[in-house]
Amino acid sequence: AIVGLPAAVSAGQVVPVAWGVTNQGSGAGLGVWYDSIYLSTNAVLNAGDRPLSAVGLNVTVAAGGSYAWTNTITIPEVAGGPYYLFVVADDPYYGYQISESSKANNTNSVAVTVQVPDLAPVSITAPAVVSVGQAALVVCVLTNQGNGSGLGFWYDTIYLSTNAVLNANDQPLSYVGLTHSVAAGGSYAWT
């Protein structure tokens with residue numbers, strides 16, 4: 001069973017996944033195998049689902065015995081919404097498998113909501129008039145209007161435009177690259 005996972009996570013967030021397995025067969029499970037963690041957009045694990053991590057095991061599990069592990073995963077940059085986190089014991093994807101009386105009970109899942117940020121510039125301060133070639137001080141405040149944290153490194157770009165609508169013809173003037181951790185409702189600023 002998957003335990004301790006929060007019901008809602010943010011894209012880019014590092015979260016612990018705890019997993020426990022009981023050997024329901026009549027013999028000992030011994031050898032080398034992998035348990036894997038997947039993220040899926042639906043409640044059915046299939047070949048298109050994204051593997052997030054694997055835990056290599058080399059253990060002996062007596063009949064009726066159990067083992068457990070905790071591993072950390074990073075929630076990938078995906079669209080916000082409902083997902084399922086699957087853990088697969090003795091996953092055939094990684095090649096090593098042990099002989100079991102049934103593989104039908106090797107998969108478990110839990111629903112999780114991936115929340116994403118929505119970064120919006122809420123304040124921009126710049127000179128009203130500048131000359132060609134002149135350096136200009138620009139100050140910008142951005143607020144995370146999404147329901148998830150903004151985590152990681154990204155660039156904010158300053159463009160020069162002849163109107164108030166950004167389009168492909170507008171000229172990028174400068175980039176501001178920073179590592180961020182902006183909670184939902186939080187803000188950050190740069191100069």
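## Exercises on strands, pockets and contacts

Start with one match between strands: Thr-125 has Val-139 in β10 as its bridge partner. The model is predicted, so local features need pLDDT of at least 70 and side-chain atom pairs count only at pLDDT 80 or more, while totals for chains, interfaces and linings use all residues. Residues are numbered from 1 along each chain as its sequence is written, and side-chain values use heavy atoms, with hydrogens and water left out.

### Exercise 1: Strand partners

Task: Find how β10 pairs with β9 and with β13.

Solution:
- Step 1. Know the terms. Strands are DSSP runs of E with at least two residues, numbered from the N terminus. Two strands pair if DSSP finds at least two bridges between them.
- Step 2. Take β9. Six bridges join β9 to β10, in the antiparallel sense.
- Step 3. Take β13, residues 187–190. Four bridges join this strand to β10, again antiparallel. Here Cys-140 has Trp-190 in β13 as its bridge partner.

### Exercise 2: An open sheet

Task: Give the order of the three strands in the open sheet, and say why one side of each edge strand is left without a neighbour.

Solution:
- Step 1. Read the order. It is β1-β3-β6, with antiparallel pairing.
- Step 2. Look at the edges. β1 (2–3) and β6 (66–74) each have a single partner strand, so one side of each has no neighbour in the sheet.
- Step 3. Count between β3 and β6. There are nine bridges. Pro-16 has Thr-72 in β6 as its bridge partner.
- Step 4. Recall a rule. Side chains in a regular strand alternate between the two faces of the sheet.

### Exercise 3: The partners of β4

Task: Count the bridges from β4 to β5 and to β7.

Solution:
- Step 1. Go to β5, residues 50–61. It is joined to β4 by 11 bridges, and the two run antiparallel. Leu-39 faces Arg-50 in β5.
- Step 2. Go to β7, residues 81–88. It pairs with β4 over five bridges, also antiparallel. Ser-36 stands opposite Val-88 in β7.

### Exercise 4: The two largest pockets

Task: Describe the largest pocket and then the second largest pocket by volume and lining.

Solution:
- Step 1. Define a pocket. On a 1 Å grid over the protein atoms alone, it is an open set of points where a 1.4 Å probe fits, with protein on both sides within 12 Å along at least five of seven lines; lining residues have an atom within 4 Å of a point. Its volume is the space filled by probe spheres set on the points, which are joined across faces, edges and corners.
- Step 2. Take the largest pocket. It holds about 810 Å³. Its lining has 24 residues, and Val-138, Ile-158, Tyr-159, Leu-160 and Leu-173 lie nearest the centre.
- Step 3. Find the contributors. β9 (119–125), β10 (139–144), β11 (150–160) and β12 (171–182) each give two or more residues. β11 gives the most, with five.
- Step 4. Sort by class. Ala, Val, Leu, Ile, Met, Phe, Trp, Tyr, Cys and Pro count as nonpolar, Asp, Glu, Lys and Arg as charged, and the others, Gly among them, as polar. The largest pocket's lining has 19 nonpolar, four polar and one charged residues.
- Step 5. Take the second largest pocket. Its volume is about 490 Å³. It is lined by 26 residues; Val-21, Thr-22, Asn-23, Gln-24 and Glu-100 are the closest to its centre. Its lining has nine nonpolar, 15 polar and two charged residues.

### Exercise 5: A charged network

Task: Find the salt bridges of the whole structure.

Solution:
- Step 1. Apply the cut-off. A side-chain nitrogen of Lys or Arg must lie within 4 Å of a carboxyl oxygen of Asp or Glu.
- Step 2. Count. There are two salt bridges.
- Step 3. Name them. Asp-90 bridges to Lys-103, with the closest N and O atoms 2.5 Å apart. Glu-100 bridges to Lys-103 at 3.0 Å.
- Step 4. Join them. Asp-90, Glu-100 and Lys-103 form a network.
- Step 5. Check burial. Buried is under 20% relative accessible area, exposed over 50%, and partly exposed in between (1.4 Å probe, protein chains only). Asp-90 is buried at 2%. Lys-103 is partly exposed at 35%, and Glu-100 is partly exposed at 31%.
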